[in-house]
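Subject: A structure for you to look through

Dear colleague,

I am handing over the structure below, and I would be glad if you could keep it open beside this message while you read. My notes come after it.

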Amino acid sequence: MEQHFRMLAAYNRWVNQRLYAAAAELDDEEYRRDVRAFFTSLHGTLNHLLVTDRIWLYRFTGEGDAPKALDATLFEKLDALKAAREKEDARIIDWVNGLDSTDIAGRFTYTTVSDMRTISQRLAPALAHLFNHQTHHRGQAHAILTALGKAAPSFDLIQFQRTEEGRPYS
């Protein structure tokens, strides 16, 4: 499982780089346009992904920022959001790379954001959720780019595995 989660962490950084490069091609009106997505726009979707990654990393590690609302806007400007995303992706990779099989099989306890319940669960399924959640909302981001008439890059895991960075995981 260590290798699998390391792959997902590396893939996460790679695909976010592609997504942010595509976002940078938009003008500000397009970037913020309400396209009736769950978080309204690409801007809202990218902020949500950073919010939830910070919440989960705080739950896992007890360190870092933990926003109090799932729809919080952490950064208004794309360049500041991108810089924060890069730092968070590096943080995810560093943390995941430090996990061993005992850690992954272990349990942790946290408080939910939406209804303030205390949850105790195994780390592996929660870590799988972290990466699955990212994929879910990046799919929405892909649809937003398409709705805006833009060419959306491939986010396929197999594409990552064919890169220099992804080859060790294929």
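What follows is a short account of a helix pair, one residue in a helix, and a loop. Please bear in mind throughout that this is a predicted model.

I begin with the helix pair. Two packed helices are described by the angle between their axes and the distance between the axes. Here, helix H3, which covers residues 42-61, packs with H4 at an angle of about 30 degrees, and the two axes are 10 Å apart. Because angles under 35 degrees count as roughly parallel, H3 is described as roughly parallel to H4. The crossing in which H3 passes H4 is left-handed. If you would like to find the contact on screen, the residues on the H3 side include Leu-46, Leu-50, Asp-53, Leu-57 and Phe-60, while those that they meet on the H4 side include Leu-81, Ala-84, Arg-85, Ile-92 and Trp-95. Sorted by class, the contact of H3 with H4 has 11 nonpolar, two polar and five charged residues.

Staying with helix H4, which spans residues 78-97, you will find Asp-89 within it. Is Asp-89 buried or exposed? Its relative accessible area is 3%, and since buried means under 20%, Asp-89 is buried. The side chain of Asp-89 makes a polar contact, at 3.1 Å, with the side chain of Asn-16. When neighbours within four places in sequence are left aside, Asp-89 is in contact with Asn-12 and Arg-13 as well as Asn-16.

The loop between H2 and H3 is the last region. Arg-33 is found in this loop, after helix H2 (28-32), and at 32% relative accessibility Arg-33 counts as partly exposed. Not counting residues up to four places away in sequence, Arg-33 touches Thr-40, Ser-41 and Leu-148. By contrast, the C-alpha atoms of Arg-33 and Thr-111, which are 78 residues apart along the chain, are separated by 33 Å.

Two other residues of the loop deserve a look at their backbone angles. Most residues other than glycine have a negative phi. Arg-36, which lies in the loop between H2 and H3, has a positive phi of about 65 degrees although it is not a glycine, and Thr-40, found in the loop between H2 and H3, likewise has a positive phi, of about 75 degrees, without being a glycine. Arg-36 counts as exposed at 78% relative accessibility, whereas Thr-40 is partly exposed, with a relative accessible area of 35%.

With best wishes

Key. Residues are numbered from 1 along each chain as its sequence is written. This is a predicted model: local features need pLDDT of at least 70, side-chain atom pairs count only at pLDDT 80 or more; totals for chains, interfaces and linings use all residues. Side-chain values use heavy atoms; hydrogens and water are left out. Helices (H or I, at least four residues) and strands (E, at least two) are DSSP runs, numbered from the N terminus. Buried means under 20% relative accessible area, exposed over 50%, partly exposed in between (1.4 Å probe, protein chains only). A polar contact is a pair of N or O atoms within 3.5 Å; within protein, one must be able to donate a hydrogen and the other to accept it, and residues adjacent in sequence count only if both atoms are side-chain atoms. Contact means heavy atoms within 4.5 Å. Axes are lines fitted to C-alpha atoms, for helices over the stretch in contact, and angles run from 0 to 180 degrees between N-to-C directions. Angles under 35 degrees count as roughly parallel, over 145 as roughly antiparallel, 65 to 115 as roughly perpendicular and the rest as oblique. A crossing is left-handed if the near helix is turned anticlockwise from the far one by less than a right angle, and right-handed if clockwise. Ala, Val, Leu, Ile, Met, Phe, Trp, Tyr, Cys and Pro count as nonpolar, Asp, Glu, Lys and Arg as charged, and the others, Gly among them, as polar.
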